[in-house]
Each structure stands twice: as structure tokens, then as C-alpha cells.
Amino acid sequence: LLRHAARTTGRTAYWSTSLALERGVLARAGVPTSGLRLYDGSGLSRANRMPVVTLAAVIRVLRADPVAGPVVFAPGALPIAGVSGTLIDRFHTPQHRCAIGRVQAKTGTLGDAVALAGVARGVDGRDRVFVFLVNGVVSLRSTRLAVDTLATTTVGCRLG
């Protein structure tokens, strides 16, 4: 998709030109890119590095965009805690149940990394953008539970 985006702007479909386009889009949107390392557009290369502050800013920019926001955050577009997608089987423990339906987020899992990034609808009605990333994971299960706990507290649920 990234190389296709480059082509639609008249650039060649090389990684170098595609990544330059991406950096330009981020800069124009005011997204901080300090520490951002882009190797390719797959999102799977271990050479890629995206600081959580960069990803949180991207989420905020997308939410504020009158065209992209309603598409990216439409019901069903992102997994919903305990309801759909990669979050359907999560948030069902007693301490996490309060967050069911209140967290809309993208998951990310590699053998030694767990991420959760999105928006939590607080018990006070306010939306909160969050990004949690854990590297050097030993246990995927316990790390996912810990990340779910962080998202639950972002919602404002009391942990029992």
C-alpha cells in the first residue's frame, strides 16, 4: 500500500521514495518523528522502529481528520475489547470486564513483543488515545493481560 501511495503521487514505487512520502506526510501533520526508523512499509521488519509518541500522534491526527476519522474509527473498523476481531477473546477476566466495548484498538504481536494502540472511552465519557508497547516479552499471555490491565485503567475502571 505504501508503494502504491507513492505511485498515486507520481513517485516511483521504490521503498526509498515511498518512505520519503511517508515522512513528508507525517511532518506536514505535525507528527513527531524523533527516533522513527523506517526500513520498509511492511510493518514487520525488525529494522523498523516507531516510538509510542509517534504512533499516539498518528492516532490523534487520524481521529481529528474529518475524512479519515470516521473511516478508521467506524464501528467494526478496529477490534473492540471483548467484542470483535483480535480483541474478541480478551477483557473477559473479572478485573477487565469493565472495559468491554470501551476499547477500540489495533493489536500487534511478535514472538517477543506485544502492542495495543487505539482509543479508550472512559467511564467519564471522554476518549483517551493510548499506545502500549512491550519489547523483550517472555510470556505472551501474561504480557497481553498486563497490557489489557493498562487499557482497563485508561478506561477508568477500578481494578478489584
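Good morning. I begin with a definition: a residue is called buried when its relative accessible area is under 20%, exposed when that area is over 50%, and partly exposed in between. By that cut-off Arg90 counts as buried, because its relative accessibility is 11%. Please keep in mind throughout that the structure before you is a predicted model.

Let me stay with Arg90 for a moment. This arginine is found in the loop between α4 and β1. Ten residues along the chain from Arg90 is Ile100, and the C-alpha atoms of the two are separated by 8.5 Å. The loop between α4 and β1 also holds Phe91. Phe91 counts as buried too, with a relative accessibility of 2%. Its backbone deserves a remark: phi of Phe91 is near 70 degrees, a positive value in a residue other than glycine.

I turn now to the disulfide. How many disulfides does a search of the whole structure find? The search returns one. Cys98 is joined to Cys157, with a sulfur-to-sulfur distance of 2.1 Å. Where do the two cysteines lie? Cys98 belongs to the loop between α4 (68–72) and β1 (103–110), while Cys157 belongs to the segment after α5 (140–155), so the bond ties together parts that are 59 residues apart in sequence. As for its geometry, the torsion about the S-S bond of Cys98 and Cys157 is about -80 degrees, and the disulfide is therefore left-handed.

Are the two cysteines buried or exposed? Cys98 is partly exposed, at a relative accessible area of 34%. Cys157, by contrast, is buried, at 7%.

A further contact links the loop between α4 and β1 with helix α5. Thr152 is found in helix α5. The C-alpha atoms of Thr152 and Ala99 are 5.4 Å apart in space, although 53 residues separate the two in sequence. Thr152 has a relative accessible area of 0% and is buried.

Next, the aromatic rings. The count of aromatic pairs comes to one, formed by Phe130 and Phe132. Why is this pair described as stacked? The ring planes are 25 degrees apart, and planes under 30 degrees apart count as stacked. The centre-to-centre distance of Phe130 and Phe132 is 5.1 Å. Both residues are buried: Phe130 has a relative accessibility of 4%, and Phe132 a relative accessible area of 16%.

Two arginines are also placed over aromatic rings. Arg3 lies over the face of Trp15, at 4.7 Å from the ring centre. The charged end of Arg63 sits over the ring of Phe73, 5.4 Å from the centre of that ring.

From Trp15 we may move along the chain to Ser18, which is found in helix α2. Ser18 counts as buried, at 0% relative accessibility. Its C-alpha atom is separated by 5.9 Å from that of Leu2, 16 residues away along the chain.

I come finally to the largest pocket. Its volume is about 1800 Å³, and 46 residues line it. Which residues lie nearest its centre? They are Ser42, Gly43, Met50, Leu55 and Lys106. Several elements contribute to this lining: α2 (15–28), α3 (52–64), β1, β2 (113–121) and β3 (127–135) each supply at least two residues. Which of the elements gives the most? That is α3, with six residues. Sorted by class, the lining of the largest pocket has 28 nonpolar, eleven polar and seven charged residues.

One residue of helix α3 may serve as a last example, namely Val53. With a relative accessible area of 48%, Val53 is partly exposed. The C-alpha atoms of Val53 and Leu110 are 57 residues apart along the chain and are separated by 20 Å.

To close, I would ask you to take away two points from this predicted model. The disulfide of Cys98 and Cys157 joins the loop between α4 and β1 to the segment after α5. The largest pocket draws on both helices and strands for its lining, with α2, α3, β1, β2 and β3 each supplying at least two residues. Thank you.

Notes:
Residues are numbered from 1 along each chain as its sequence is written. This is a predicted model: local features need pLDDT of at least 70, side-chain atom pairs count only at pLDDT 80 or more; totals for chains, interfaces and linings use all residues. Side-chain values use heavy atoms; hydrogens and water are left out. A disulfide is a pair of cysteine sulfur atoms within 2.5 Å. Helices (H or I, at least four residues) and strands (E, at least two) are DSSP runs, numbered from the N terminus. Buried means under 20% relative accessible area, exposed over 50%, partly exposed in between (1.4 Å probe, protein chains only). Rings of Phe, Tyr and Trp (its six-membered ring) pair if their centres lie within 6.5 Å; planes under 30 degrees apart count as stacked, over 60 as edge-to-face and the rest as tilted. A charge sits over a ring if NZ of Lys or CZ of Arg is within 6 Å of the ring centre and within 35 degrees of the ring normal. On a 1 Å grid over the protein atoms alone, a cavity is a set of points where a 1.4 Å probe fits but cannot get out, and a pocket is an open set with protein on both sides within 12 Å along at least five of seven lines; lining residues have an atom within 4 Å of a point. Grid points are joined across faces, edges and corners, and a volume is the space filled by probe spheres set on the points. Ala, Val, Leu, Ile, Met, Phe, Trp, Tyr, Cys and Pro count as nonpolar, Asp, Glu, Lys and Arg as charged, and the others, Gly among them, as polar.
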